[in-house]
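This report describes a ligand site and one helix of the structure shown below. The site is treated first, and the helix follows.

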Amino acid sequence: MRHTIAIANQKGGVGKTTTAVNLSAALAATKRKVLLIDLDPQGNASTAAGANKNEKNLFEVYTQNLPIQDSILKSSGGYEVIPGGENLIALEVFIRDNQKQGELKKLLIDLEYDFIILDTPPSLNQLTLESLFAATATLIPLQCEYYSLEGISSLINTINTLNNKNLTNNRVFGIIRTMVDMRNNLAKEVSEELEKHFPNLVFNTLIPRNVKLAEAPSHGVSAHTIYAIFIWRQSIFSACWRTY
Ligand SMILES: Nc1ncnc2c1ncn2[C@@H]1O[C@H](COP(=O)(O)OP(=O)(O)OP(=O)(O)O)[C@@H](O)[C@H]1O
Ligand SMILES: [Mg+2]
């Protein structure tokens, strides 16, 4: 069985890309065949994966009818990647103007991977909707701060609406609390609120705030960083694996 997991939350900077990249690497490390698709014009997942943002991406695949295989690159993390980049802004418009909604789901059918991980932009736009159509599950990273619960309900409602219209088999697979620092009272309050509102969706595993992890993209990889990332991957991996 193939799993296609969208990592989504329209709020920015909550750890979507960090989750997508580390989950891909963790799954690849356990010998699963993994494809990471960067659907964000910022292209942060591509940078983290060591992929060139100027290579072909889904923009060329959609607009020039190229085979999706032509956009797949190898990453430094043992998984494969379709890079993101600025031309995905134009792809967003192209999908809307040409009624191409649901195309990604069709494009992924023939690909042979154990897991496809979709990193989405901080908006509920056409690119995110493409991911929600194509996914079999959505993982929502959430930072325990003011306003973090706003937006979650509309994301969950969107997924349920697509599901009720038989447009997708997607379901919300869980909410994962990221960058957690329980010394912070607000984080504790929001965390409790979240457990109250979504008791069946919140993963018990918390992803701690880890400075080494934040520094990793700018400083290259050190022994400490490898250790920090390893711990992080163990946390997210065990959280996700609980459900699958
Ligand atoms: N557990 C963590 N500990 C410390 N820093 C983290 C952690 N997770 C993510 N970060 C840092 O927080 C910032 C935002 O993370 P990330 O880019 O993954 O969020 P995002 O939701 O993908 O953002 P965007 O909405 O802009 O795409 C980054 O600088 C990242 O390095
Ligand atoms: Mg991101």
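## Polar contacts of ligand 1

In this predicted model, an N or O atom in the side chain of glutamine 42 is placed 3.2 Å from an oxygen atom of ligand 1. The protein covers 81% of the 630 Å² of accessible area that ligand 1 has on its own.

Two other side chains also offer polar atoms to the ligand. For threonine 18, a polar side-chain atom is 2.5 Å from an oxygen atom of ligand 1. For aspartate 40, the corresponding distance from a polar side-chain atom to a ligand oxygen is 3.4 Å.

## The shell around ligand 1

Ligand 1 is surrounded by 18 residues. The closest of these are Gly13, Lys16, Thr17, Thr18 and Asn210. By residue class, the shell comprises 8 nonpolar, 7 polar and 3 charged residues.

Helix α1 supplies the largest share of the shell, with 3 residues.

## Helix α7

Helix α7 consists of 13 residues, from 152 to 164. At 1.5 Å a residue it should span 18 Å, and its end C-alpha atoms are indeed 18 Å apart, so the expected and modelled values agree.

Which residues of α7 are buried? They are Ile152, Leu155, Ile156, Thr158, Ile159 and Leu162. These residues lie on the same side of α7, because they cover an arc of only 155 degrees around the axis. In an α-helix there are 3.6 residues a turn, so residues three or four places apart point the same way.

How values were computed: Residues numbered from 1 in each chain as written. Chains lettered and ligands numbered in written order. Predicted model: local features only at pLDDT ≥ 70, side-chain atom pairs only at ≥ 80, totals over all residues. Heavy atoms only, no water. Near = heavy atom within 4 Å. Polar contact = N/O pair within 3.5 Å; in protein donor to acceptor, adjacent residues only side chain to side chain. Areas by Shrake-Rupley, 256 points an atom, 1.4 Å probe, with all protein chains shown as cover. Helix = DSSP H or I, 4+ residues; strand = E, 2+ residues; numbered from the N terminus. Nonpolar A, V, L, I, M, F, W, Y, C, P; charged D, E, K, R; others polar. Expected span 1.5 Å × (residues − 1). Buried < 20%, exposed > 50% of the residue type's maximum accessible area, 1.4 Å probe, protein only. Arc of directions from axis to C-beta.
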